[in-house]
Amino acid sequence: MNADAVVLDVDGVLVDVADSYRRAIVDSVEYVYDRTIRKADIQQFKDAGGFNNDWELTDAAALYVLATGEGYDASIDGYTDAIAESGGGLEAAETVVRESIGARAFQRVDGNWDRDRLRDVFQQLYLGTALYRGLEGGNPELETRGFIHDEPVLLEDDARDALLGDYDVGILTGRPAPEAEIALERVGLESEVPLEHRFTMDDWEEGKPHPRALVTLAERFDAETVVFVGDTLDDVRTAVNAADADPDREYHGVGVLTGGLTGEEGRQKYETEGATAVLESINDLPDWLDD
């Protein structure tokens, strides 16, 4: 493949977030409401689409927990399937719950649904005491080390150097910019990928799978062929949508099996969404591009 540029997601591609972001989702809902979902359930939300922002995924999980107290009797599978059928994302989750339990019960749920509180607890758990003070600008109620320190690096040095040596490299992530910078520094890309070649949560409102960020990066690289590597179905959908929005270029979505999608089932889900390739990890990318 004559690719000009390689754009990388961060979570599940460059670093493993199973015990950081995903743990923070589960533990934040538990801390605020004394009940929560299972970590394994998180992938159901990701597959439904529209949950590139883990704060919003936390909100949707909390909404489910609260709704079950008002008579909502669908399983997590049923809930997330209904979200997908309604277009994906938090707005769809609200619609599903409201239509299922009725306006009066939803009003009670909404009165207990404290999204600001959930976000704040999430950040305290994820960042830890020191980083929370520095990035959020306040004193946390929880004294924690921070789950951010439990993110094993997935990108090996040889693969990183091969990509940087042969391709323009960009970053497209749902992380806030400061948290993306921490991860990029950890994997050795912070000084190698300039700010104009990054898109974070702070740089665009639409989020994946909207194609604007990926198309903008392609334009900045003046690339004819772009490969976007991610760990969710929305990452592949982003590349597919970019190909539709920008037919003068080629866009290829590549899924890796180091996030929530694993094994043959994960491979099939990627391929159903239009993935050009499915790789065991980001470290297989240079050889796949050469081949």
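**A short tour: a loop, a cavity and a helix**

Start by selecting Arg 145: its relative accessible area is 56%, over the 50% mark, so Arg 145 counts as exposed. Keep in mind as you look around that this is a predicted model.

Now show the stretch around Arg 145. You're in the loop between α7 (115-136) and α8 (157-166). Which residues does Arg 145 touch, once its neighbours within four places in sequence are left aside? Light up Leu 127, Gly 128 and Asp 150. Zoom in on Asp 150, where the two side chains, those of Arg 145 and Asp 150, make a polar contact at 3.0 Å. Then draw a line from Arg 145 to Leu 127: they sit 18 residues apart in sequence, and their C-alpha atoms are 7.6 Å apart in space.

Next stop, the inside. The structure has 1 cavity of 30 Å³ or more, and the space in the largest cavity comes to about 30 Å³. To find the spot, select Leu 8, Leu 155, Arg 160, Leu 163, Leu 164, Val 169 and Leu 189, which line it. That lining is made of 6 nonpolar residues, no polar ones and 1 charged. Helix α8 supplies the largest share of the lining, with 3 residues.

Last, jump to helix α11, residues 233-245. Try the distance tool on its end C-alpha atoms: they are 18 Å apart, which agrees with the 18 Å that 13 residues should span at 1.5 Å a residue. Colour its buried residues: Leu 233, Asp 234, Asp 235, Val 236, Arg 237, Thr 238, Ala 239 and Ala 242. What covers them? Among the elements to switch on are α2 (42-48), β2 (168-172), α10 (212-221), β4 (225-230), β5 (250-256) and α12 (263-272).

Terms used. Residues numbered from 1 in each chain as written. Predicted model: local features only at pLDDT ≥ 70, side-chain atom pairs only at ≥ 80, totals over all residues. Heavy atoms only, no water. Helix = DSSP H or I, 4+ residues; strand = E, 2+ residues; numbered from the N terminus. Expected span 1.5 Å × (residues − 1). Buried < 20%, exposed > 50% of the residue type's maximum accessible area, 1.4 Å probe, protein only. Contact = heavy atoms within 4.5 Å. Polar contact = N/O pair within 3.5 Å; in protein donor to acceptor, adjacent residues only side chain to side chain. 1 Å grid on protein atoms, 1.4 Å probe; cavity = no way out; pocket = protein on both sides within 12 Å on 5 of 7 lines; lining within 4 Å. Points joined across faces, edges and corners; volume = space filled by probe spheres on them. Nonpolar A, V, L, I, M, F, W, Y, C, P; charged D, E, K, R; others polar.
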